[in-house]
Amino acid sequence: MDCLFCKIISGEIPSKKVYEDEQVYAFYDIAPMAPVHVLIVPKVHIASVNEVTSENSAVIAHIYEVAAKLAKELGIAENGYRVITNCGADAGQTVFHLHFHLLGGKKLRVEMC
Ligand code: AMP
Ligand code: ZN
């Protein structure tokens with residue numbers, strides 16, 4: 001499958017790994033929008049939130065557990081952070097492998113859209 005994040009997970013394309021387990025892979029965003037900008041992705045290919053079903057949604061809960069753990073480890077838990085998923089063209093999704101942006105390390109803008 002010609003998917004950038006599947007290639008990053010497999011190691012075919014290099015990345016700066018932050019965390020990995022049997023279900024998820026986390027790495028630094030190549031174009032950070034905050035002092036801490038990590039992407040957390042399921043290893044299974046799910047194109048976007050539109051493809052989340054009762055069959056594959058357990059990994060989403062796990063991703064939030066990993067987000068909480070990484071936020072603590074990266075020193076942003078106390079001051080706060082944002083976990084964002086873009087879905088589709090209007091939200092600006094550019095990579096169609098579900099991913100969660102973990103953003104923090106500065107006062108984030110209040111505007112959500
Ligand atoms: P989105 O716009 O929500 O689909 O987010 C895709 C994110 O992937 C963007 O923030 C990009 O900067 C990031 N990105 C694209 N290519 C790479 C790469 N090779 N390594 C790390 N992050 C990447
Ligand atoms: Zn993929």
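Partly exposed, for a residue in these legends, means a relative accessible area between the buried limit of under 20% and the exposed limit of over 50%. By that rule Ala77, at 33%, is partly exposed. Everything shown here comes from a predicted model.

**View 1. Ala77, a loop residue between α2 and β4.**
Here we look at the stretch that follows helix α2, where Ala77 sits in the loop leading to β4. Setting aside residues within four places in sequence, Ala77 touches Ala71 and Lys72. For a sense of scale, the C-alpha atoms of Ala77 and His101 are 15 Å apart, with their positions 24 residues apart in sequence.

**View 2. The zinc ion (ligand 2) and its four protein donors.**
Two cysteines and two histidines hold this one: Cys3 and Cys6 through SG, and His45 and His97 through ND1, at 2.1 to 2.3 Å. The angles among the 4 donor atoms run from 104 to 117°, which makes the site tetrahedral. For comparison, the ideal angle for four tetrahedral donors is 109.5 degrees. Written along the chain, the donor spacing reads C-x2-C-x38-H-x51-H. Cys6 belongs to helix α1 (residues 4-10), while His97 is in the loop between β4 (81-84) and β5, so this pair links parts of the chain 91 residues apart in sequence. How covered are the two ends of that link? His97 is buried, at 0% relative accessible area, whereas Cys6 is partly exposed at 21%.

**View 3. Cys3 and Cys87, two cysteines without a disulfide.**
The disulfide count for this model is 0. Cys87 is in no such bond, and the nearest cysteine sulfur, which belongs to Cys3, is 15 Å away. That is no disulfide because the two sulfur atoms would have to be within 2.5 Å. The surroundings of the pair can be compared too: Cys3 is buried, with a relative accessible area of 5%, and Cys87 is partly exposed at 27%. Cys3 is also one of the donors of the zinc ion (ligand 2).

**View 4. Strand β3, covered on both faces.**
Take any residue of β3 and you'll find it buried: the count is 7 of 7. On one side are Val36, Val38, Ile40 and Pro42. On the other side are His37, Leu39 and Val41. What does β3 pair with? It runs antiparallel to β2, with 5 bridges, and antiparallel to β5, also with 5 bridges. Among the facing residues, Phe27 is opposite Leu39 and Ala26 is opposite Ile40. Over on the β5 edge, Val36 faces Gly104.

**View 5. The hairpin of β1 and β2.**
A connection of 3 residues joins β1 to β2 as a hairpin. The strands are antiparallel, with 3 bridges between β1 (residues 17-20) and β2. One partnership to look for is Glu20 with Tyr25 of β2. As for burial, β2 is mostly covered, with 4 of its 5 residues buried.

**View 6. The largest nonpolar core, with Val38, Ile40 and Leu70 at the top of the contact list.**
In soluble globular proteins, nonpolar side chains tend to be buried together. Here the largest such core has 18 residues, and the ones with the most contacts inside it are Val38, Ile40 and Leu70. Which elements feed it? At least two residues apiece come from β2 (24-28), β3 (36-42), α2 (58-73) and β5 (100-104). Helix α2 gives the most, at 7 residues. Zooming in on Val38, its contacts beyond four places in sequence include Val18, Ala26, Leu70, Leu74, Phe100 and Leu102. A second core of 9 residues is separate from this one, and it includes Cys3, Ile8, Phe27 and Leu39.

**View 7. Val49 in the loop between β3 and α2.**
Last stop is Val49, which is partly exposed at 41% relative accessibility. Leaving out neighbours within four places in sequence, Val49 is in contact with Thr85, Cys87 and Leu98. The C-alpha atoms of Val49 and Asn79 are separated by 28 Å, with the two residues 30 apart along the chain.

Note on methods:
Residues numbered from 1 in each chain as written. Chains lettered and ligands numbered in written order. Predicted model: local features only at pLDDT ≥ 70, side-chain atom pairs only at ≥ 80, totals over all residues. Heavy atoms only, no water. Core = buried A, V, L, I, M, F, W, Y, C linked by side-chain atoms within 4.5 Å. Buried < 20%, exposed > 50% of the residue type's maximum accessible area, 1.4 Å probe, protein only. Contact = heavy atoms within 4.5 Å. Donors = N, O, S within 2.8 Å, 3.2 Å for Na, K, Ca; no water. Tetrahedral: all angles 85-135°; square planar, octahedral: opposite > 155°, others 65-115°. Pairing = 2+ DSSP bridges.
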